[in-house]
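Biologist: I'd like to learn how to read strands and charged pairs in a model. Can you walk me through it?

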Amino acid sequence: MVLAGPARATGLADPDATAAARELEQQEQASRLELQSVADQAAHATQALSALESDIAALRADQRLLDQRIAETASRRASLDQKIADGERAMTDLSERQEAVRLSLLSRRSVLAEVLAALQRIGRDPPPALLVSPEDALSSVRSAILLGAVVPEIRAETDALAADLKELAALREAIAIERRSLASALEANAAEEQRLAELASEKIALQAESQRRLDRERLRAEALSVRSGELETVIATLADEITSLRDAAEAARQAEEERQRKLAEQLERARAFAAVALPDKNRIMPAYVFSKLTGTLSRPAAGETIRFFGADDGTGHALSGEVVATEAGAPVFAPADGWIAYAGPFRKYGEVVILDTGEKHHVVLAGMEKIKVSAGQFVVSGEPLAVMGQTRFAGSAALTLASEHPTLYIEIRKDGQPVDPRTWWKDEMSSGKARDDT
(Lines give C-alpha, C1' and ligand atoms only; values in the text may rest on other atoms or scores of the structure.)
Protein backbone atom coordinates (compact mmCIF):
# COMPACT_ATOMS: atom_id res chain seq x y z
CA MET A 1 0.00 0.00 0.00
CA VAL A 2 1.76 3.11 -1.22
CA LEU A 3 0.09 5.91 0.74
CA ALA A 4 -1.18 4.17 3.86
CA GLY A 5 0.79 6.69 5.98
CA PRO A 6 -1.00 9.93 5.00
CA ALA A 7 -4.35 8.25 4.83
CA ARG A 8 -4.07 6.96 8.36
CA ALA A 9 -2.52 10.22 9.59
CA THR A 10 -5.44 12.36 8.45
CA GLY A 11 -8.33 10.12 9.48
CA LEU A 12 -11.30 12.46 9.84
CA ALA A 13 -9.00 15.34 10.92
CA ASP A 14 -10.67 15.53 14.36
CA PRO A 15 -8.74 15.88 17.69
CA ASP A 16 -8.75 12.71 19.74
CA ALA A 17 -9.44 13.68 23.34
CA THR A 18 -9.80 10.03 24.32
CA ALA A 19 -6.22 9.32 23.23
CA ALA A 20 -5.01 12.29 25.27
CA ALA A 21 -6.95 11.04 28.29
CA ARG A 22 -5.41 7.58 27.83
CA GLU A 23 -1.94 9.10 27.71
CA LEU A 24 -2.62 11.03 30.91
CA GLU A 25 -3.88 7.85 32.55
CA GLN A 26 -0.59 6.17 31.61
CA GLN A 27 1.29 9.12 33.12
CA GLU A 28 -0.85 8.84 36.25
CA GLN A 29 -0.14 5.11 36.50
CA ALA A 30 3.60 5.75 36.06
CA SER A 31 3.44 8.44 38.77
CA ARG A 32 1.62 6.06 41.10
CA LEU A 33 4.26 3.39 40.50
CA GLU A 34 6.99 5.94 41.18
CA LEU A 35 5.13 7.06 44.31
CA GLN A 36 5.00 3.45 45.51
CA SER A 37 8.71 3.09 44.81
CA VAL A 38 9.41 6.31 46.73
CA ALA A 39 7.24 5.06 49.62
CA ASP A 40 9.18 1.78 49.72
CA GLN A 41 12.47 3.67 49.68
CA ALA A 42 11.20 5.93 52.46
CA ALA A 43 10.26 2.87 54.54
CA HIS A 44 13.73 1.40 53.98
CA ALA A 45 15.27 4.75 54.88
CA THR A 46 13.23 4.83 58.12
CA GLN A 47 14.41 1.32 59.00
CA ALA A 48 17.98 2.32 58.22
CA LEU A 49 17.62 5.39 60.43
CA SER A 50 16.34 3.27 63.31
CA ALA A 51 19.19 0.79 62.87
CA LEU A 52 21.76 3.59 62.72
CA GLU A 53 20.32 5.25 65.82
CA SER A 54 20.55 1.91 67.66
CA ASP A 55 24.16 1.47 66.47
CA ILE A 56 25.04 4.98 67.61
CA ALA A 57 23.46 4.35 71.02
CA ALA A 58 25.43 1.09 71.37
CA LEU A 59 28.63 2.85 70.33
CA ARG A 60 28.03 5.56 72.90
CA ALA A 61 27.48 2.92 75.59
CA ASP A 62 30.71 1.22 74.52
CA GLN A 63 32.45 4.58 74.62
CA ARG A 64 31.28 5.16 78.20
CA LEU A 65 32.42 1.66 79.21
CA LEU A 66 35.82 2.27 77.63
CA ASP A 67 36.14 5.60 79.41
CA GLN A 68 35.34 3.84 82.69
CA ARG A 69 37.95 1.15 82.02
CA ILE A 70 40.51 3.79 81.10
CA ALA A 71 39.79 5.59 84.37
CA GLU A 72 40.14 2.32 86.32
CA THR A 73 43.42 1.60 84.55
CA ALA A 74 44.72 5.05 85.44
CA SER A 75 43.69 4.49 89.07
CA ARG A 76 45.50 1.13 89.16
CA ARG A 77 48.59 2.71 87.68
CA ALA A 78 48.56 5.43 90.35
CA SER A 79 48.31 2.70 93.03
CA LEU A 80 51.22 0.83 91.44
CA ASP A 81 53.27 4.00 91.29
CA GLN A 82 52.63 4.55 95.01
CA LYS A 83 53.57 0.96 95.77
CA ILE A 84 56.81 1.33 93.83
CA ALA A 85 57.62 4.53 95.68
CA ASP A 86 57.00 2.78 99.03
CA GLY A 87 59.27 -0.09 97.99
CA GLU A 88 62.02 2.32 96.98
CA ARG A 89 61.81 4.07 100.36
CA ALA A 90 61.98 0.68 102.12
CA MET A 91 65.09 -0.21 100.13
CA THR A 92 66.61 3.12 101.08
CA ASP A 93 65.97 2.42 104.77
CA LEU A 94 67.51 -1.05 104.47
CA SER A 95 70.52 0.36 102.71
CA GLU A 96 70.94 2.88 105.50
CA ARG A 97 70.62 0.14 108.10
CA GLN A 98 73.16 -1.98 106.25
CA GLU A 99 75.58 0.95 106.21
CA ALA A 100 75.07 1.43 110.02
CA VAL A 101 75.90 -2.22 110.67
CA ARG A 102 78.97 -1.95 108.49
CA LEU A 103 80.13 1.16 110.34
CA SER A 104 79.50 -0.58 113.71
CA LEU A 105 81.67 -3.46 112.62
CA LEU A 106 84.36 -1.07 111.51
CA SER A 107 84.25 0.73 114.89
CA ARG A 108 84.96 -2.53 116.69
CA ARG A 109 87.58 -3.61 114.30
CA SER A 110 90.45 -3.18 116.82
CA VAL A 111 88.81 -5.41 119.41
CA LEU A 112 88.14 -8.01 116.82
CA ALA A 113 91.72 -7.75 115.70
CA GLU A 114 93.02 -8.43 119.22
CA VAL A 115 90.67 -11.34 119.63
CA LEU A 116 91.67 -12.76 116.30
CA ALA A 117 95.36 -12.28 117.22
CA ALA A 118 94.87 -14.05 120.53
CA LEU A 119 93.07 -16.84 118.78
CA GLN A 120 95.91 -17.13 116.34
CA ARG A 121 98.47 -17.30 119.15
CA ILE A 122 96.43 -19.91 120.97
CA GLY A 123 96.27 -21.83 117.75
CA ARG A 124 100.03 -21.64 117.22
CA ASP A 125 100.98 -22.01 120.94
CA PRO A 126 98.27 -23.90 122.87
CA PRO A 127 98.08 -23.21 126.61
CA PRO A 128 100.12 -25.60 128.79
CA ALA A 129 98.70 -28.34 130.86
CA LEU A 130 98.12 -27.96 134.59
CA LEU A 131 101.54 -29.28 135.48
CA VAL A 132 103.49 -26.36 134.03
CA SER A 133 105.40 -23.52 135.35
CA PRO A 134 103.58 -20.65 137.05
CA GLU A 135 104.45 -18.23 134.18
CA ASP A 136 102.75 -20.42 131.61
CA ALA A 137 99.75 -20.84 133.84
CA LEU A 138 99.45 -17.11 134.34
CA SER A 139 99.57 -16.57 130.61
CA SER A 140 96.88 -19.14 130.05
CA VAL A 141 94.67 -17.57 132.68
CA ARG A 142 95.05 -14.19 131.11
CA SER A 143 94.13 -15.53 127.68
CA ALA A 144 91.13 -17.34 129.10
CA ILE A 145 89.98 -14.19 130.94
CA LEU A 146 90.37 -12.15 127.77
CA LEU A 147 88.49 -14.67 125.65
CA GLY A 148 85.83 -15.08 128.29
CA ALA A 149 85.22 -11.32 128.30
CA VAL A 150 85.32 -10.69 124.53
CA VAL A 151 83.95 -13.80 122.86
CA PRO A 152 80.34 -13.51 124.18
CA GLU A 153 80.10 -9.91 123.00
CA ILE A 154 81.58 -10.80 119.62
CA ARG A 155 79.21 -13.72 119.33
CA ALA A 156 76.25 -11.49 120.11
CA GLU A 157 77.42 -8.86 117.65
CA THR A 158 78.11 -11.53 115.08
CA ASP A 159 74.69 -13.09 115.52
CA ALA A 160 73.00 -9.69 115.32
CA LEU A 161 75.02 -8.79 112.25
CA ALA A 162 74.28 -12.13 110.61
CA ALA A 163 70.59 -11.68 111.35
CA ASP A 164 70.66 -8.14 109.94
CA LEU A 165 72.52 -9.24 106.87
CA LYS A 166 70.12 -12.13 106.34
CA GLU A 167 67.14 -9.85 106.78
CA LEU A 168 68.70 -7.28 104.48
CA ALA A 169 69.31 -9.92 101.80
CA ALA A 170 65.73 -11.18 102.15
CA LEU A 171 64.33 -7.68 101.88
CA ARG A 172 66.47 -6.91 98.87
CA GLU A 173 65.27 -10.10 97.21
CA ALA A 174 61.64 -9.29 98.07
CA ILE A 175 62.05 -5.74 96.79
CA ALA A 176 63.68 -6.99 93.59
CA ILE A 177 60.81 -9.42 93.09
CA GLU A 178 58.29 -6.68 93.84
CA ARG A 179 60.07 -4.33 91.46
CA ARG A 180 59.93 -6.91 88.68
CA SER A 181 56.26 -7.54 89.42
CA LEU A 182 55.52 -3.85 89.46
CA ALA A 183 57.46 -3.31 86.24
CA SER A 184 55.48 -6.12 84.58
CA ALA A 185 52.23 -4.68 85.93
CA LEU A 186 53.19 -1.23 84.71
CA GLU A 187 54.03 -2.61 81.27
CA ALA A 188 50.71 -4.51 81.10
CA ASN A 189 48.90 -1.45 82.38
CA ALA A 190 50.54 0.73 79.71
CA ALA A 191 49.60 -1.80 77.01
CA GLU A 192 46.03 -1.88 78.31
CA GLU A 193 45.90 1.90 78.29
CA GLN A 194 47.20 1.93 74.70
CA ARG A 195 44.67 -0.69 73.60
CA LEU A 196 41.82 1.12 75.30
CA ALA A 197 42.92 4.40 73.77
CA GLU A 198 42.98 2.80 70.31
CA LEU A 199 39.56 1.26 70.90
CA ALA A 200 38.25 4.58 72.09
CA SER A 201 39.59 6.29 68.95
CA GLU A 202 38.06 3.58 66.77
CA LYS A 203 34.72 3.91 68.56
CA ILE A 204 34.82 7.67 68.12
CA ALA A 205 35.54 7.25 64.40
CA LEU A 206 32.72 4.71 64.06
CA GLN A 207 30.40 7.00 65.94
CA ALA A 208 31.31 9.92 63.66
CA GLU A 209 30.79 7.75 60.55
CA SER A 210 27.45 6.52 61.89
CA GLN A 211 26.44 10.10 62.57
CA ARG A 212 27.35 11.06 59.00
CA ARG A 213 25.36 8.13 57.64
CA LEU A 214 22.49 9.09 59.90
CA ASP A 215 22.58 12.66 58.55
CA ARG A 216 22.68 11.37 54.97
CA GLU A 217 19.75 9.02 55.58
CA ARG A 218 17.79 11.84 57.19
CA LEU A 219 18.43 14.08 54.18
CA ARG A 220 17.46 11.23 51.87
CA ALA A 221 14.30 10.57 53.86
CA GLU A 222 13.42 14.26 53.72
CA ALA A 223 14.04 14.32 49.95
CA LEU A 224 11.88 11.22 49.51
CA SER A 225 9.17 12.84 51.59
CA VAL A 226 9.29 15.96 49.41
CA ARG A 227 9.26 13.83 46.24
CA SER A 228 6.32 11.83 47.60
CA GLY A 229 4.40 15.05 48.17
CA GLU A 230 5.24 16.24 44.67
CA LEU A 231 4.07 12.95 43.16
CA GLU A 232 0.83 13.08 45.11
CA THR A 233 0.26 16.60 43.78
CA VAL A 234 1.08 15.45 40.22
CA ILE A 235 -1.29 12.48 40.55
CA ALA A 236 -4.07 14.72 41.82
CA THR A 237 -3.44 17.16 38.94
CA LEU A 238 -3.41 14.34 36.38
CA ALA A 239 -6.63 12.97 37.82
CA ASP A 240 -8.24 16.39 37.41
CA GLU A 241 -6.92 16.67 33.85
CA ILE A 242 -8.14 13.18 33.01
CA THR A 243 -11.58 14.03 34.33
CA SER A 244 -11.56 17.27 32.32
CA LEU A 245 -10.43 15.44 29.18
CA ARG A 246 -13.08 12.77 29.64
CA ASP A 247 -15.68 15.46 30.01
CA ALA A 248 -14.29 17.22 26.93
CA ALA A 249 -14.21 13.94 25.01
CA GLU A 250 -17.81 13.26 25.95
CA ALA A 251 -18.79 16.78 24.92
CA ALA A 252 -16.87 16.36 21.65
CA ARG A 253 -18.57 13.02 21.05
CA GLN A 254 -21.97 14.55 21.58
CA ALA A 255 -21.01 17.47 19.34
CA GLU A 256 -19.80 15.04 16.68
CA GLU A 257 -23.00 13.07 16.93
CA GLU A 258 -24.95 16.31 16.54
CA ARG A 259 -22.78 17.31 13.58
CA GLN A 260 -23.25 13.89 11.96
CA ARG A 261 -26.96 14.17 12.54
CA LYS A 262 -27.09 17.60 10.95
CA LEU A 263 -24.83 16.39 8.14
CA ALA A 264 -27.15 13.45 7.54
CA GLU A 265 -30.08 15.84 7.42
CA GLN A 266 -28.25 18.10 4.97
CA LEU A 267 -27.27 15.10 2.83
CA GLU A 268 -30.84 13.93 2.86
CA ARG A 269 -32.03 17.37 1.76
CA ALA A 270 -29.27 17.42 -0.87
CA ARG A 271 -30.37 14.02 -2.19
CA ALA A 272 -33.93 15.19 -2.28
CA PHE A 273 -32.93 18.34 -4.10
CA ALA A 274 -30.72 16.40 -6.50
CA ALA A 275 -33.61 14.17 -7.39
CA VAL A 276 -35.56 17.11 -8.80
CA ALA A 277 -32.85 19.56 -9.90
CA LEU A 278 -29.32 19.81 -11.21
CA PRO A 279 -26.57 20.23 -8.62
CA ASP A 280 -25.78 23.79 -7.60
CA LYS A 281 -22.16 24.74 -8.15
CA ASN A 282 -22.33 27.09 -5.15
CA ARG A 283 -23.27 24.33 -2.71
CA ILE A 284 -21.21 23.58 0.39
CA MET A 285 -22.26 19.93 0.73
CA PRO A 286 -21.88 16.95 -1.64
CA ALA A 287 -24.78 16.81 -4.03
CA TYR A 288 -24.85 13.04 -4.19
CA VAL A 289 -23.99 10.13 -1.92
CA PHE A 290 -20.56 8.87 -3.00
CA SER A 291 -21.47 5.20 -2.72
CA LYS A 292 -24.27 5.77 -5.22
CA LEU A 293 -21.88 7.22 -7.83
CA THR A 294 -20.31 3.93 -9.00
CA GLY A 295 -19.80 3.89 -12.75
CA THR A 296 -20.47 7.64 -13.08
CA LEU A 297 -17.20 9.39 -12.19
CA SER A 298 -14.43 10.62 -14.51
CA ARG A 299 -10.79 10.06 -13.70
CA PRO A 300 -9.09 13.05 -12.04
CA ALA A 301 -6.69 13.41 -15.00
CA ALA A 302 -6.57 12.32 -18.62
CA GLY A 303 -4.06 9.66 -19.53
CA GLU A 304 -3.34 5.95 -19.78
CA THR A 305 -3.80 3.67 -16.80
CA ILE A 306 -0.55 1.68 -16.60
CA ARG A 307 -1.08 -0.08 -13.25
CA PHE A 308 -4.37 -1.27 -11.80
CA PHE A 309 -5.54 -2.11 -8.29
CA GLY A 310 -4.06 -5.38 -6.98
CA ALA A 311 -1.20 -5.51 -9.49
CA ASP A 312 2.43 -5.89 -8.46
CA ASP A 313 3.75 -2.50 -7.35
CA GLY A 314 7.34 -3.43 -8.21
CA THR A 315 8.32 -4.18 -4.59
CA GLY A 316 6.57 -7.53 -4.21
CA HIS A 317 3.35 -6.06 -2.79
CA ALA A 318 -0.13 -5.59 -4.24
CA LEU A 319 -0.94 -2.08 -5.41
CA SER A 320 -3.62 -0.36 -3.28
CA GLY A 321 -4.74 1.95 -6.10
CA GLU A 322 -4.02 2.63 -9.75
CA VAL A 323 -1.43 4.65 -11.67
CA VAL A 324 -2.28 6.90 -14.63
CA ALA A 325 0.44 8.23 -16.98
CA THR A 326 -0.42 11.83 -17.89
CA GLU A 327 1.04 14.56 -20.01
CA ALA A 328 3.46 17.07 -18.52
CA GLY A 329 1.60 19.93 -16.84
CA ALA A 330 -1.79 18.16 -17.09
CA PRO A 331 -4.48 19.49 -14.69
CA VAL A 332 -5.94 17.26 -11.98
CA PHE A 333 -9.65 17.65 -11.15
CA ALA A 334 -11.83 16.57 -8.24
CA PRO A 335 -13.63 13.34 -9.25
CA ALA A 336 -16.53 14.11 -6.85
CA ASP A 337 -17.78 16.66 -4.31
CA GLY A 338 -15.99 16.68 -0.96
CA TRP A 339 -13.81 18.39 1.63
CA ILE A 340 -10.05 18.65 1.35
CA ALA A 341 -8.82 16.61 4.34
CA TYR A 342 -5.13 17.02 3.47
CA ALA A 343 -3.20 19.02 0.89
CA GLY A 344 0.59 19.19 0.86
CA PRO A 345 3.85 17.31 0.21
CA PHE A 346 4.47 13.82 1.59
CA ARG A 347 7.93 12.18 1.59
CA LYS A 348 9.02 11.55 -2.04
CA TYR A 349 5.50 11.25 -3.44
CA GLY A 350 5.24 14.89 -4.52
CA GLU A 351 2.14 16.86 -3.61
CA VAL A 352 -0.69 14.82 -2.09
CA VAL A 353 -4.42 15.64 -1.85
CA ILE A 354 -6.87 13.63 0.25
CA LEU A 355 -10.54 14.30 -0.57
CA ASP A 356 -13.23 13.42 2.00
CA THR A 357 -16.28 12.49 -0.10
CA GLY A 358 -18.51 11.54 2.84
CA GLU A 359 -19.82 8.18 4.11
CA LYS A 360 -16.28 7.42 5.38
CA HIS A 361 -14.95 7.44 1.79
CA HIS A 362 -11.70 9.18 0.84
CA VAL A 363 -9.97 9.72 -2.51
CA VAL A 364 -6.15 9.92 -2.32
CA LEU A 365 -4.25 11.60 -5.19
CA ALA A 366 -0.42 11.70 -5.27
CA GLY A 367 2.44 12.54 -7.66
CA MET A 368 1.42 16.13 -8.51
CA GLU A 369 3.74 19.11 -8.66
CA LYS A 370 1.58 22.09 -7.65
CA ILE A 371 -1.59 22.19 -5.52
CA LYS A 372 -4.37 24.79 -5.93
CA VAL A 373 -6.49 23.92 -2.86
CA SER A 374 -5.96 23.89 0.92
CA ALA A 375 -7.06 21.67 3.81
CA GLY A 376 -10.63 22.28 5.01
CA GLN A 377 -11.81 23.64 1.64
CA PHE A 378 -14.98 22.26 -0.01
CA VAL A 379 -14.64 21.43 -3.72
CA VAL A 380 -17.18 20.28 -6.28
CA SER A 381 -16.80 17.63 -8.92
CA GLY A 382 -14.59 18.82 -11.79
CA GLU A 383 -12.97 21.62 -9.79
CA PRO A 384 -9.19 21.90 -10.46
CA LEU A 385 -7.10 20.56 -7.59
CA ALA A 386 -3.50 20.51 -8.85
CA VAL A 387 -1.16 20.38 -11.83
CA MET A 388 1.14 17.52 -12.84
CA GLY A 389 4.89 18.05 -13.23
CA GLN A 390 7.23 17.44 -16.15
CA THR A 391 8.33 13.94 -15.01
CA ARG A 392 7.11 11.42 -12.48
CA PHE A 393 8.32 11.58 -8.86
CA ALA A 394 10.84 8.93 -7.79
CA GLY A 395 8.78 7.96 -4.76
CA SER A 396 5.46 7.49 -6.55
CA ALA A 397 4.12 3.97 -6.98
CA ALA A 398 5.37 1.42 -9.49
CA LEU A 399 9.03 2.39 -9.41
CA THR A 400 9.86 -0.27 -11.97
CA LEU A 401 7.82 1.40 -14.71
CA ALA A 402 9.65 2.08 -17.93
CA SER A 403 7.58 5.20 -18.65
CA GLU A 404 9.11 8.57 -17.82
CA HIS A 405 5.76 10.41 -18.12
CA PRO A 406 4.32 12.07 -15.03
CA THR A 407 2.23 9.52 -13.15
CA LEU A 408 -0.84 10.23 -11.00
CA TYR A 409 -1.51 7.77 -8.21
CA ILE A 410 -5.24 7.31 -7.41
CA GLU A 411 -6.53 5.44 -4.35
CA ILE A 412 -10.09 5.19 -2.99
CA ARG A 413 -10.59 4.18 0.65
CA LYS A 414 -13.65 3.10 2.56
CA ASP A 415 -13.47 2.94 6.36
CA GLY A 416 -9.70 3.38 6.06
CA GLN A 417 -9.26 0.35 3.73
CA PRO A 418 -8.34 0.61 0.03
CA VAL A 419 -10.95 -0.54 -2.52
CA ASP A 420 -10.76 -1.03 -6.30
CA PRO A 421 -11.38 2.43 -7.86
CA ARG A 422 -12.34 1.03 -11.27
CA THR A 423 -15.94 0.44 -10.23
CA TRP A 424 -16.44 4.24 -9.92
CA TRP A 425 -15.18 5.21 -13.40
CA LYS A 426 -17.74 5.60 -16.16
CA ASP A 427 -15.56 4.64 -19.15
CA GLU A 428 -16.25 1.15 -20.50
CA MET A 429 -12.55 0.33 -20.87
CA SER A 430 -11.97 0.66 -17.14
CA SER A 431 -15.07 -1.34 -16.33
CA GLY A 432 -14.05 -4.06 -18.75
CA LYS A 433 -10.52 -4.20 -17.38
CA ALA A 434 -11.83 -4.34 -13.85
CA ARG A 435 -13.94 -7.35 -14.73
CA ASP A 436 -11.07 -9.03 -16.59
CA ASP A 437 -8.50 -8.39 -13.83
CA THR A 438 -10.95 -9.51 -11.21
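Modeller: Let's start with a hairpin: E4 and E5 form one, with five residues between them. In the turn sits Arg-347, which has a positive phi of about 50°. Keep in mind that this is a predicted model.

Biologist: How do strands hold on to each other in general, and how many bridges join E4 to E5?

Modeller: The general idea is that strands of a sheet pair through backbone hydrogen bonds, either parallel or antiparallel. Here, strand E4 (residues 338-345) and strand E5 (residues 351-358) run antiparallel, joined by six bridges. For a spot to look at, find Tyr-342, which stands opposite Ile-354 in E5.

Biologist: Which strand do two bridges join to E4?

Modeller: That's strand E8 (residues 378-379), and the two run antiparallel. Look for Gly-338, which stands opposite Val-379 in E8.

Biologist: Now for the sheet with E3 in it. In what order do its three strands come?

Modeller: The order is E3-E9-E7, in an open sheet with antiparallel pairing. Strand E3 (331-333) and strand E7 (370-371) each have a single partner strand, so they stand at the edges, with one side of each left without a neighbour in the sheet. E3 pairs with strand E9 (residues 384-387) over three bridges, in the antiparallel sense. There you can spot Val-332 opposite Ala-386 in E9.

Biologist: Let me try one residue. Where is Ile-371 placed, and what does Ile-371 touch?

Modeller: Ile-371 lies in strand E7. If you leave out residues up to four places away in sequence, its contacts include Ala-343, Gly-344, Val-353, Leu-385 and Ala-386. Take Leu-385: it is 14 residues from Ile-371 in sequence, yet their C-alpha atoms are 6.1 Å apart in space.

Biologist: Okay, on to charges. What is the idea behind a salt bridge?

Modeller: Side chains of opposite charge can pair when their charged atoms come close. To count one here, a side-chain nitrogen of Lys or Arg has to be within 4 Å of a carboxyl oxygen of Asp or Glu. By this rule the count comes to 19 salt bridges.

Biologist: Let's take Glu-28 and Arg-32. How far apart are they in helix H2?

Modeller: Glu-28 and Arg-32 are four residues apart in helix H2 (residues 17-107), so about one helical turn separates them. Their side chains meet in a salt bridge, at 3.0 Å from N to O. Glu-28 is buried, with a relative accessible area of 13%, while Arg-32 is partly exposed at 42%.

Biologist: And what about Glu-256 and Arg-259: how many residues apart are they in helix H4?

Modeller: Three residues, in helix H4 (residues 134-276), and again that makes about one helical turn. The closest N and O atoms of this salt bridge are 2.9 Å apart. Glu-256 is partly exposed, with a relative accessible area of 23%, and Arg-259 counts as partly exposed too, at 41%.

Biologist: What about Arg-422 and Asp-420: buried or exposed?

Modeller: Both are buried. The side chains of Arg-422 and Asp-420 meet in a salt bridge, 3.0 Å from N to O. You can also look for a network: Glu-34, Arg-227 and Glu-230 are joined into one by salt bridges that share partners.

Conventions:
Residues are numbered from 1 along each chain as its sequence is written. This is a predicted model: local features need pLDDT of at least 70, side-chain atom pairs count only at pLDDT 80 or more; totals for chains, interfaces and linings use all residues. Side-chain values use heavy atoms; hydrogens and water are left out. Two strands pair if DSSP finds at least two bridges between them. Buried means under 20% relative accessible area, exposed over 50%, partly exposed in between (1.4 Å probe, protein chains only). Contact means heavy atoms within 4.5 Å.
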